[in-house]
There are 2 protein chains.
Amino acid sequence: MDQVDIFKALSNRSRMQILSWLKDPEFNFPEQGGAGFEHGVCVGQIQRKAGLTQSTVSEYLSILQRAGLVSSVRVGQWTYYRRDEAGIKALLENLGTEL
Amino acid sequence: MDQVDIFKALSNRSRMQILSWLKDPEFNFPEQGGAGFEHGVCVGQIQRKAGLTQSTVSEYLSILQRAGLVSSVRVGQWTYYRRDEAGIKALLENLGTEL
DNA sequence: AAGGTATATCGAATTTTCCCGATATATCTA
DNA sequence: TAGATATATCGGGAAAATTCGATATACCTT
C-alpha cells in the first residue's frame with residue numbers, strides 16, 4: 001500500500017473517527033458489551049455510532065483495512081474490526097523517516 | 001489547521017514529491033544554484049521539476065502552506081518555498097499521540 | 001512609463017471521492 | 001428449508017479534487 005493511499009484513507013473525518021473510536025472499544029461501543037471485545041467491534045455498532053449507512057461504513061472499513069490500519073475477523077454472521085496497531089506503528093515510523 | 005486537511009494535503013503524489021524534494025534543495029534543484037538556497041526554492045524551479053503547469057504548482061504550494069508543511073518568503077519577483085520543519089515535527093508528534 | 005518576468009488567482013473540464021439505496025451473499029435459527 | 005440478521009458489493013447522483021489555460025498582480029529593468 002502506497003503512502004499516498006494511506007493518507008487518502010486518513011483524509012476523511014468519519015474514517016478518522018472510526019479509527020479513534022477503536023482505540024477504546026469498551027468505552028465507545030458499550031452496546032456491544034455482551035458479545036465481548038476480543039475480536040474488535042462489529043460493523044453494525046460502528047455504523048450506528050457513525051450515523052452513516054451500512055454500505056458506507058462497510059466500504060470505509062475496507063478502505064481502512066486496505067491501508068493497513070485495521071484488521072477484521074469474521075465470526076458467524078458478524079465481522080469484527082479492530083485497529084492494526086502494528087500497521088499503525090509501521091506507518092508512524094515510516095513517516096518519521098520519510099516525511 | 002485540521003488533521004484531516006493536513007492528510008488531504010499529503011494525499012497527492014505531486015505534493016508529496018515536492019515536500020520530499022525540498023529536503024535537499026541543492027541536490028534536487030541545481031539549476032537554482034546561482035541564487036542560493038537561503039530562502040528555499042522558487043516556484044518556477046519546482047514547477048519545471050514537477051512537470052505541472054505554473055498555476056497548478058502555485059496552488060499546490062499554497063495547499064502545503066495552509067497545512068503548515070512549508071513556508072514562503074517573497075524576495076523581489078520570486079517567492080521561495082521551504083519546508084516548515086517545525087510544523088512537520090509538530091504534525092509527527094501529534095500523530096504519534098493521536099493516531 | 002513600458003515591457004518583461006515571476007507568481008497568484010479565476011473559470012472550467014475531467015476525474016475522484018462521498019455517500020446513498022438496492023441488491024447479493026453468508027450465516028444463524030426455527 | 002424458510003426467514004431473519006449481518007455484511008459486502010453494485011450503480012449512481014452530488015460534491016470535491018485535479019489540473020489546465022487565461023488573466024491578473026507584483027516587481028524589476030531600462
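# A tour of two chains on DNA

Select α5 of chain A to begin, since α5(A) supplies the largest share of the surface near DNA strand C, namely four residues; a residue is near a strand if one of its heavy atoms lies within 4 Å of it, and helices (H or I, at least four residues) and strands (E, at least two) are DSSP runs, numbered from the N terminus. What you have open is a predicted model, in which local features need pLDDT of at least 70 and side-chain atom pairs count only at pLDDT 80 or more, while totals for chains, interfaces and linings use all residues. Residues are numbered from 1 along each chain as its sequence is written, chains are lettered from A and ligands numbered from 1 in the order in which they are written, and side-chain values use heavy atoms, with hydrogens and water left out.

**Stop 1: DNA strand C**

Show next the residues around DNA strand C, which number 22, with Y60(A), G44(B), Q54(B), S55(B) and S58(B) coming nearest. Of the atoms of this strand that come within 4 Å of the protein, sugar and phosphate account for 63%.

Zoom in on the polar contacts, each a pair of N or O atoms within 3.5 Å (within protein, one must be able to donate a hydrogen and the other to accept it, and residues adjacent in sequence count only if both atoms are side-chain atoms). Y60(A) places a polar side-chain atom 2.3 Å from a phosphate oxygen of DNA strand C, whereas V43(B) uses a polar backbone atom, 3.1 Å from a phosphate oxygen of the strand. At G44(B), a backbone N or O atom lies 2.8 Å from a phosphate oxygen of DNA strand C. Two or more residues of the surface near DNA strand C come from α5 of chain A and from α4 (43–50), α5 and β3 (78–83) of chain B.

**Stop 2: DNA strand D**

Turn now to DNA strand D, which is surrounded by 22 residues, the closest being G44(A), Q54(A), S55(A), S58(A) and Y60(B); sugar and phosphate make up 64% of its atoms that come within 4 Å of the protein. Select G44(A), where a polar backbone atom is 2.8 Å from a phosphate oxygen of DNA strand D, and then S58(A), where a polar side-chain atom lies 2.9 Å from a phosphate oxygen of DNA strand D. A base is reached at S55(B), which has a polar side-chain atom 2.9 Å from a base oxygen of DNA strand D. Colour α5(B) as well, for α5(B) gives the most to the surface near this strand, with four residues.

**Stop 3: helix α4 of chain A**

Which residues of α4 (residues 43–50) of chain A are buried? They are V43(A), Q45(A) and I46(A), where buried means under 20% relative accessible area, exposed over 50% and partly exposed in between (1.4 Å probe, protein chains only). These residues cover an arc of only 165 degrees around the axis, and so sit on the same side of α4(A); the arc is that of the directions from the helix axis to the C-beta atoms. Add α2 (13–21), β1 (41–42), α5 (54–66) and β3 (78–83) of chain A to the view, as these are among what covers the buried residues of α4(A). Just after the helix, look at G51(A), which takes a positive phi of about 70 degrees.

**Stop 4: the axis**

Finally, view both chains together: a turn of 180 degrees and a shift of 0.0 Å along the axis lay chain A on chain B with an RMSD of 0.0 Å, which is the relation of a two-fold axis. The copies are superposed by least squares on the C-alpha atoms of residues with pLDDT of at least 70 in both. Select F7(A), whose C-alpha is the one in chain A nearest the axis, 2.7 Å from it.

Technical notes: Contact means heavy atoms within 4.5 Å.
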